[in-house]
Amino acid sequence: MSTISWLEIFDKYNTQEIIMGKILKKVPGGFIVNVFGTEGFLPGSQVPQSLKEKGEGIVNNDINFKLIKINAFANNIVVSRTEIFEQEKKDAYIEAMKDIHVGDIYDAVVKNIVSYGVFATINNKIDGLIPSNELSWQYVNDISQIVSINDTIKVKVIKIDEESHKISFSHKECIPSPWTTIDSNVYYKNAIIGVTVSRVIEHGVIVSLENGCQGMLPTREIAWDDPEPDLTTKFGVGDKLKVKVLSLDTKKQKYYFH
């Protein structure tokens, strides 16, 4: 190979410019490729899975690469397809996101469940997070009781981060709010009602009404003779209680009990 060709190779390597090469044959550990009129090596670790699955089917194909290692004295050239593939996938993802807008509603497939929410995919390509507090109008203690992997659920786009290209979804905004079904003849100020303990927090107890609405039983409203009761020993999730409605605001979706 001429000196001029090696200068060109070094220039492409230093600038990390994309180069074109032809895959010549499959060998143990990867593929032999033709770049700049000489043979180079494409390691299997630098081949996207979609190309690996084609095996011999990609031989004689012209494909874009990046140079990741060169040694003129050993006449050694190593190329990679992985970085280009990841950039192409990222570019396609960003392009697809241009059609997504806040307020849009989609069918989403649940892909992963984590402690803070659910990752779901829309249009078979756009991933987003449903925070745990956007899964249900009620407090979610166990996400797996609401959704499972591969479930298809309705989601609404509630936030798009243009810089990080991250999307947040809401599932609860796609289902009727229990606050729209409040019976004012049953739930009103000073009414005595039955509730169920949903969770115990630092400043009180979150309780659920029969229709799914939730309200707060503050610590100070639990006992006349004990201003700071031990809530964890006094209440458990699922406990049934009788409480008195102190205040309610259906617009702000807040209830306080005694």
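These questions and answers deal with salt bridges in a predicted model.

User: How many salt bridges does a search of the whole structure find?

Analyst: The search finds 9 salt bridges. Side chains of opposite charge can pair when their charged atoms come close.

User: What makes glutamate 88 and arginine 81 a salt bridge?

Analyst: Their side chains meet at 2.9 Å, N to O. The cut-off is within 4 Å, so the pair counts as a salt bridge.

User: Why is arginine 81 called buried?

Analyst: Arginine 81 has a relative accessibility of 11%. Buried means under 20%, so arginine 81 is buried. Its partner glutamate 88 has a relative accessible area of 38%, which lies between the limits of 20% and 50% and is therefore called partly exposed.

User: How do you know that lysine 154 and aspartate 107 form a salt bridge?

Analyst: Their closest N and O atoms are 3.1 Å apart. That is within 4 Å, so the pair meets the definition. The pair links distant parts of the chain, with lysine 154 in strand β9 and aspartate 107 in strand β6, 47 residues apart.

User: Why are lysine 154 and aspartate 107 called partly exposed?

Analyst: Lysine 154 is at 42% and aspartate 107 is at 46%. Both values fall between 20% and 50%, so both residues are partly exposed.

User: What makes glutamate 221 and arginine 220 a salt bridge?

Analyst: The closest N and O atoms are 3.9 Å apart, and this is within 4 Å, so the pair counts.

User: Is glutamate 221 buried or exposed, and why?

Analyst: Glutamate 221 is at 19%, under the 20% limit, so it is buried. Arginine 220 is at 64%, over 50%, and is therefore exposed.

Methods: Residues are numbered from 1 along each chain as its sequence is written. This is a predicted model: local features need pLDDT of at least 70, side-chain atom pairs count only at pLDDT 80 or more; totals for chains, interfaces and linings use all residues. Side-chain values use heavy atoms; hydrogens and water are left out. Buried means under 20% relative accessible area, exposed over 50%, partly exposed in between (1.4 Å probe, protein chains only). Helices (H or I, at least four residues) and strands (E, at least two) are DSSP runs, numbered from the N terminus.
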